[in-house]
Amino acid sequence: MQSTQQETHQRTRRESVAGNVQNPVQDSKPSWPPKAPSHETIHRFCVKPADVGIVGVVDGGTLLEWIDKVAYAAAAQWSGRYCVTAYVGNFHLDRPISVGALVELHATLVYTGRCSMHILVTVYSSDSTRGNAVQTSQCPIIFVALDDTGNPVEVPPWTPITMLELQRQRQARVRIPMRTRIEGAMAAECYTDEGTAPSATLCLLAAPTDVNWSGKVGGGRVMRWMDEAASVCGADWTGAQVITSYIAGIRFYRPINIGHVIDLTARILHTGPRSIHASIHVTTRDTDGVLIESMVFVGVWFPRWDRSRFAALVE
Ligand SMILES: CC(C)(COP(=O)(O)OP(=O)(O)OC[C@H]1O[C@@H](n2cnc3c(N)ncnc32)[C@H](O)[C@@H]1OP(=O)(O)O)[C@@H](O)C(=O)NCCC(=O)NCCS
């Protein structure tokens, strides 16, 4: 990501806790390092040729990496700790993003639990010459702060002030028991090799270039691999290119270290007239256990790639 600018809005952690913000209006000036931990981070940059996939627009994996990066900045800012991605929520990729577009990712803290921070990332893109910014997607993501020994640690509580903040906090709170129910249902599922659904498995080795400064593979990188596994499965089934249009419920149970062997299996769950729904499971082979993640993915595909048909679909 070149030309990345980061801004943090000066609604500080101390102000939020005290609840007496004099001027909650956001300061739009870029500032780094921030004077105090803030609840919002913005990344702004232009899309390079290397950022787009083979169909000429930014693919789901790249967008997930961007979302993870900006949300990490917001979580680390707020907690003052190293944080890990625990969950990435449902989101639609509403509009294609092409080379040269100006992209802005806004990561806003919407809820804090004891150790978790719920962040809403909104992606805007615009033609860099015309500046007509439109919302491309919006994605909830949860980070957990860790202490020096790698265990979850308490984070400062976030106190919403505006109506929008209160509404977002309420929505985040409502989703918690729902997610727990889904997780329970997923845990009760038993996956065997007996199924006949088409599937594709990618096998990778976590290399030193895949890890972040903590020595673990970042959530963004894992999500990129998941997107690739789903794309291979979709392309195998259709005999044509697929693009990601919807992603739901990615859960990260265990960290991945250098040297871990990673298996990503994408399995088709359902096909519609123009879409393929797939689940992706990731397991690592290592000395201390197995990681299982799940993701439901929908690839929208066309027999022959046609931009005008894609544009019609997303309108
Ligand atoms: C995230 C992780 C630290 C949680 O560990 P844990 O032992 O389950 O922690 P706890 O049960 O104490 O939960 C801590 C908090 O995380 C939240 N949490 C944990 N897993 C979650 C999930 N999948 N979705 C949403 N929230 C989750 C809990 O609700 C709890 O929130 P609260 O303290 O605000 O109430 C652990 O699962 C992990 O290390 N996962 C891998 C993270 C990672 O490496 N990500 C990068 C890609 S591999």
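The legends below describe close-up views of a predicted model.

**View 1. The protein chain as a whole.** The secondary structure of the protein chain, as found in this predicted model, comes to five helices and 13 strands. Of the 315 residues in the chain, 38% are buried. When contacts with a separation of 6 or more are considered, 74% of them are made by residues 24 or more positions apart.

**View 2. The shell around the ligand.** The ligand is surrounded by 22 residues, of which Y87, G113, R114, S116 and P255 come nearest. Because domain 1 (1-183) and domain 2 (198-315) both give residues to this shell, the shell lies between the two domains. At least two residues of the shell are supplied by each of β3 (82-88), β7 (134-146) and α4 (219-238), and β3 gives the most, with four residues. Sorted by class, the shell holds 13 nonpolar, four polar and five charged residues.

**View 3. Helix α2 and the residue that follows it.** Helix α2, which runs over residues 60-79 and has 20 residues, reaches 28 Å from its first C-alpha to its last, close to the 28 Å expected at 1.5 Å a residue. The helix is largely enclosed by the rest of the structure, because 17 of its 20 residues are buried. After α2 comes G80, whose phi is positive, near 70°.

**View 4. The largest nonpolar core.** In soluble globular proteins, nonpolar side chains tend to be buried together. The largest nonpolar core in this model has 65 residues, and among these I67, A71, I119, V121 and F143 touch the most other members. Helix α2 provides the largest share of this core, with ten residues, while domain 1 (1-183) and domain 2 (198-315) each contribute at least three residues to the core.

**View 5. The surroundings of F143.** F143, one of the core members that touch the most others, is shown here with its contacts beyond four places in sequence. With those closer neighbours left aside, F143 is in contact with A71, Y72, A75, C83, V84, T85, A86, S116, M117 and I119. Among these partners, S116 is also one of the residues that come nearest to the ligand.

**View 6. T283 in strand β12.** T283 has its place in strand β12, which covers residues 275-285. This residue counts as partly exposed, because it has 18 C-beta neighbours inside 10 Å, whereas 20 or more would make a residue buried. The C-alpha atom of T283 is separated by 9.7 Å from that of I256, a residue 27 residues apart from T283 along the chain.

Key:
Residues numbered from 1 in each chain as written. Predicted model: local features only at pLDDT ≥ 70, side-chain atom pairs only at ≥ 80, totals over all residues. Near = placed C-beta within 6 Å. Nonpolar A, V, L, I, M, F, W, Y, C, P; charged D, E, K, R; others polar. Domains from an automatic or database assignment. Buried ≥ 20, exposed ≤ 12 C-beta atoms within 10 Å, placed from the backbone. Expected span 1.5 Å × (residues − 1). Core = buried A, V, L, I, M, F, W, Y, C linked by C-beta atoms within 7 Å. Contact = placed C-beta atoms within 7 Å.
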